[in-house]
Amino acid sequence: MDLNPVYGGILIGVASALLFVFNGRIAGISGIAGGLLRQVVFPSQRVEKETFWRLSFVLGLIIGGVVIAHTGVFAEFAPTASAASVPLLVLAGLLVGFGTRLGWGCTSGHGICGIARFSPRSLFATMIFVGTGMVTVAVLRHVFGLLN
Amino acid sequence: MTVSAPSDGAAHASDGQGAASLSAARLRAVRVVVSFVSGLLFAIGLGISGMVRPEKVIGFLDVTGNWDPALIGVMVGGILSYALIHALYTSKTRPLFEEDWRHIPRIGRDLPVNAVVGNVLFGAGWALAGYCPGPAIVSVSSGQQSVLIFVGAMLGGLLLYEFWERSRA
């Protein structure tokens, strides 16, 4: 059985917990990215204080991505392209960007950090977005023959 | 002049000269470094987990078809490791390099309707392309057109939210 997903998950959990223990922050990607964008369009003193660590975290994500995508060490884990068409990619991006903020988090914030903290709210949220994702694939792939 | 890591719940500068501002600045600098390391490890974890492969994500969501349950392992691994470390530290009066826990949200019991709508929108978008925010940002350096288009649109969605939220205030 391929245990890499579990190992990867453990590393994600440890990385997120580092942010909690050392910095007292939640490793929710949508909040981190959204917060940076907020500081660009609606700068405020309060949000400004969060900007440097958020930029640093995102830089870490990108550099980590370089390691995954471009060094031989992790070649078997390199990112693959999505099969979605351009219009679908644009729609998907808009939905994910808007929806994660409206929904107060994403797979990292709710799915990992929230559930690990025994937050009922995050458990509901995760069930809703995973459930919706499953219904969406079922309908698009098996009713309309898309996403193949 | 030294700043000692907190062992008794407060950070001190040993000579007391300009102590408050220097130790606060040092704490901020450490937090920035920790954030980078956290992001780096997070990205590598995402890679090893398979979440930077949209076909694996959609395979996990394809319950009525060719179901690939692998990503359950990611959630289990992530939740268990986070929960363990969190449980050990959450009773401490403060994080190691921050004054208090004010940036950690209170545990919420309910989800307002708007947030439910948000989760639905996110779930749908996630299924369409197989990307959520973390894996998308991590994959940017691959230069793949699909990732770049998705990330661009995701930034658009994030922006849209900012303007929408502001208009309601």
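How many of the 148 residues of chain A count as buried? The share is 59%. Please keep in mind while reading that this is a predicted model. Here are my notes, with chain A to begin with, then its contact with chain B, and then some individual residues.

1. **Chain A overall.** Chain A has 7 helices and 0 strands, and its pattern along the sequence reads α-α-α-α-α-α-α. If you want a feel for its dimensions, the C-alpha trace spans about 50 × 35 × 35 Å along the principal axes. Counting contacts in chain A between residues at least 6 apart in sequence, 38% connect residues that are at least 24 apart.

2. **The contact between the chains.** On the chain A side 109 residues take part, and on the chain B side 100 residues. Together the two chains bury about 9,700 Å², and 76% of that area is on carbon and sulfur atoms. Three residues are worth finding on your screen: Phe42(B), Tyr82(B) and Leu128(B) provide 9% of the area that chain B buries against chain A, more than any other three residues.

3. **Polar and charged links across the interface.** There are 32 residue pairs in polar contact between chain B and chain A, with both residues at pLDDT 80 or more. The salt bridges between these chains number 6. One of them pairs Glu165(B) with Arg38(A), and their closest N and O atoms are 3.0 Å apart.

4. **What chain B brings to the interface.** Helices H1 (19-49), H2 (54-61), H3 (70-89), H4 (113-129), H5 (133-139) and H6 (145-168) of chain B each give at least two residues to the side that touches chain A. H1(B) contributes the most, with 18 residues. Sorted by class, this side of chain B holds 61 nonpolar, 29 polar and 10 charged residues.

5. **Helix H5 of chain A.** This helix covers residues 86-102. Its 17 residues should span 24 Å at 1.5 Å a residue, and the end C-alpha atoms are indeed 24 Å apart, so the expected and modelled lengths agree. The buried residues of H5(A) include Leu89(A), Ala92(A), Val96(A), Phe98(A) and Leu102(A), and also the glycines Gly93(A), Gly97(A) and Gly99(A). What do the buried residues of H5(A) pack against? Their partners are helix H2 (29-41) of chain A, along with H4, H5 and H6 of chain B.

6. **Arg101(A), a charged residue that is buried.** Arg101(A) sits in helix H5 of chain A. Why does Arg101(A) count as buried? Its relative accessibility is 14%, so Arg101(A) falls under the 20% cut-off. The side chain of Arg101(A) makes a polar contact of 2.9 Å with that of Glu162(B). Leaving out residues up to four places away in sequence, Arg101(A) touches residues of both chains: Ser30(A), Gly31(A), Gly34(A), Gly35(A) and Arg38(A), then Leu158(B), Tyr161(B) and Glu162(B). Arg38(A), among those neighbours, is also the salt-bridge partner of Glu165(B).

7. **Two positive phi values to check.** Trp104(A) is not a glycine, yet its phi is positive at about 65°. Trp104(A) follows H5(A) and lies in the loop between H5 and helix H6 (107-116) of chain A. With 44% relative accessibility, Trp104(A) is partly exposed. Phe118(A), also a residue other than glycine, has a positive phi near 60°. The loop between H6 and helix H7 (120-143) of chain A holds Phe118(A). Is Phe118(A) buried or exposed? At 68% relative accessibility, Phe118(A) is over the 50% cut-off and therefore counts as exposed.

8. **Asp100(B) in its loop.** Asp100(B) belongs to the loop between H3 and H4 of chain B. Its relative accessible area of 23% makes Asp100(B) partly exposed. The side chains of Asp100(B) and Arg102(B) are in polar contact at 2.8 Å. Apart from residues up to four places away in sequence, Asp100(B) touches Thr93(B), Arg94(B) and Pro95(B). Ile137(B) is 37 residues from Asp100(B) along the chain, and the C-alpha atoms of the two are separated by 29 Å.

How values were computed:
Residues are numbered from 1 along each chain as its sequence is written. Chains are lettered from A and ligands numbered from 1 in the order in which they are written. This is a predicted model: local features need pLDDT of at least 70, side-chain atom pairs count only at pLDDT 80 or more; totals for chains, interfaces and linings use all residues. Side-chain values use heavy atoms; hydrogens and water are left out. Contact means heavy atoms within 4.5 Å. Buried area is the accessible area (1.4 Å probe) that two parts lose on being put together, summed over both. A salt bridge is a side-chain nitrogen of Lys or Arg within 4 Å of a carboxyl oxygen of Asp or Glu. A polar contact is a pair of N or O atoms within 3.5 Å; within protein, one must be able to donate a hydrogen and the other to accept it, and residues adjacent in sequence count only if both atoms are side-chain atoms. Helices (H or I, at least four residues) and strands (E, at least two) are DSSP runs, numbered from the N terminus. Ala, Val, Leu, Ile, Met, Phe, Trp, Tyr, Cys and Pro count as nonpolar, Asp, Glu, Lys and Arg as charged, and the others, Gly among them, as polar. Buried means under 20% relative accessible area, exposed over 50%, partly exposed in between (1.4 Å probe, protein chains only). The expected span of a helix is 1.5 Å times one less than its number of residues.
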